[in-house]
Amino acid sequence: TRTKPLVIVTRRLPEPVETRMRELFQTRLNIDDHPLSQAELVEAMRSADVLVPTVTDRIDASMLAQAGERLRLIAHFGTGVDNIDIDAAAARGVTVTNTPRVLTEDTADMTMALILAVPRRLVEGARILVEGREWKGWSPTWMLGRRIWGKRLGIVGMGRIGTAVARRARAFGLSIHYHNRRPVDAATEEELEATYWDSLDQMLARMDFVSVNCPHTPATYHLLSRRRLKLLRPDAILVNTARGEVVDEAALIEILEENGIAGAGLDVFEHEPAVNPRLLKLARHGKVILLPHMGSATIDGRIEMGEKVIINIRTLMDGHRPPDRVLPSQVRA
Ligand code: 8YV
């Protein structure tokens, strides 16, 4: 009988996933769920056949250079792989997989929630009651927000998540605009009545809402640069459920403070888990809504992510090509 591969998982996963992994593999779990240090990660890569990291693990070329001969697969528990040096892994013959599709709809829901919550002052209103602040009763001029229906939404990155956001947004009466490396297929464009903008600059200057839904790659780092953020209209609202690094956060903060735009809904940050105190101050004034990277955080989604990780591991161990292999070219493009 073949010996079971040693699979090292860097964080605790939902119970059914851990149970299944223990049945199938020699599984080593991070019992107290602390984010692993760089040294602990290197140690894990020295002994494991398979490493299952998450977004909190940064795996660079120098760390991969210290990996053991046994390491064959990095089965990432997550879709975005910007925390892993895919080139360096490939150069060592280490396959990298991710967990696409199973978190598309959940992340789109959270994106839509922010598109609704920021202009309608949802968190601000809820806090007035829960904090016991004074509510004199209903008034025709109190807590007025901005209308959502009939406005324009510009989606930056029309992949699976961007498309799922577009479908929801249409049901809320928003018109769909998008910027992408290339237009989506004609049927999708027609279904969504979406307008393709080859020029991101031109799109940004005309939108009421902008949603960031592209991956973080070398090509998208600070794609929403200071110059581009300044193109936004003063009544525009920016939502980011993708990666903090896609937006120049320091510039965004300045622009929000100067009332250069109307507000923002952010689920991701440039230096997670640190959140800039100036953003917290803007949040206290109701201008922005900040969430602690919860976009895909549903029980159902996490279990499906785990199932994908397991399928990727089993397929590779059976000598086949795992379904969710990430190729270096996909990340560089
Ligand atoms: C996860 C995410 O929370 O998959 C992603 O890219 O950002 C989130 O869904 C995280 O990646 C888990 O590792």
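# Close-up views of the predicted model

**Figure 1. Pairing of strands β6 and β7.** Strand β6 (residues 152-156) and strand β7 run parallel to one another, and five bridges join them. Like every view in this set, this one shows a predicted model. Within the pair, L153 has I176 of β7 as its bridge partner. The connection between the two strands passes through helix α7 (residues 160-171), and the resulting β-α-β crossover is right-handed. What makes β7 (residues 175-179) largely enclosed by the rest of the structure? The enclosure follows because four of the five residues of β7 are buried, and a residue counts as buried if 20 or more other C-beta atoms lie within 10 Å of its own.

**Figure 2. Pairing of strands β7 and β8.** Strand β8 (residues 195-196) pairs with β7 in the parallel sense, over two bridges. The view includes Y178, which stands opposite Y196 in β8. Helix α8 (residues 186-192) completes the unit: together with β7 and β8 it makes a right-handed β-α-β arrangement.

**Figure 3. The seven-stranded sheet.** Seven strands form an open sheet with parallel pairing, in the order β8-β7-β6-β9-β10-β11-β12. Which strands form the edges of the sheet? The edges are β8 and β12 (288-290), each of which pairs on one side only. Inside this order, β6 and β9 are joined in the parallel sense over four bridges. Along that pairing, G154 of the view stands opposite V210 in β9.

**Figure 4. Parallel pairings of strand β1.** Strand β1 (residues 6-9) runs parallel to strand β2 (residues 26-28), with three bridges between them. The bridge partner of V7 in β2 is T27. From β1 the chain crosses through helix α1 (residues 15-24) to β2, in a right-handed β-α-β crossover. Strand β3 (residues 50-52) is likewise parallel to β1 and is joined to it by three bridges. In this second pairing, V9 stands opposite V52 in β3.

**Figure 5. Surroundings of the ligand.** Which residues lie around the ligand? They are T54, V55, F77, G78, T79, G80, L103, H293, G295 and S296. By residue class, the shell divides into seven polar and three nonpolar residues, with no charged residue in it.

**Figure 6. Contact between the two domains.** The domain assignment of the protein chain gives domain 1 as 6-102 + 298-332 and domain 2 as 104-290. Their C-alpha centres lie 31 Å apart. How many residues of each domain take part in the contact? Eight residues of domain 1 touch eight residues of domain 2. On the domain 1 side of this contact, three residues are charged, three are polar and two are nonpolar.

**Figure 7. The cis peptide bond before P273.** The peptide bond from E272 to P273 is cis, and its omega is near 5°. P273 itself is placed in the loop between β11 (263-266) and α12 (277-284).

**Figure 8. Positive phi at H222.** H222 has a phi near 50°, a positive value in a residue other than glycine. The residue is placed in the loop between β9 (209-212) and α10 (226-229). Is H222 buried, exposed or partly exposed, given its C-beta neighbours inside 10 Å? H222 has 16 such neighbours and therefore counts as partly exposed, since that class lies between the limits of 12 or fewer for exposed and 20 or more for buried.

**Figure 9. Positive phi at N259.** N259 is not a glycine, yet its phi is positive, at about 55°. The loop that holds N259 lies between α11 (249-257) and β11. The residue counts as exposed because there are 10 C-beta neighbours inside 10 Å.

**Figure 10. Q38 and D60.** Q38 belongs to helix α2 (residues 38-47). The C-alpha atoms of Q38 and D60 are separated by 9.8 Å, with the two residues 22 residues apart along the chain. Q38 has 13 C-beta neighbours inside 10 Å and so counts as partly exposed.

Terms used. Residues are numbered from 1 along each chain as its sequence is written. This is a predicted model: local features need pLDDT of at least 70, side-chain atom pairs count only at pLDDT 80 or more; totals for chains, interfaces and linings use all residues. A residue is near a molecule or strand if its C-beta atom, placed from the backbone, lies within 6 Å of it. Ala, Val, Leu, Ile, Met, Phe, Trp, Tyr, Cys and Pro count as nonpolar, Asp, Glu, Lys and Arg as charged, and the others, Gly among them, as polar. Domain bounds come from an automatic or database domain assignment. Two residues are in contact if their C-beta atoms, placed from the backbone, lie within 7 Å. Two strands pair if DSSP finds at least two bridges between them. A crossover is right-handed if, with the strands pointing away from the viewer, the path from the first strand over the helix to the second runs clockwise.
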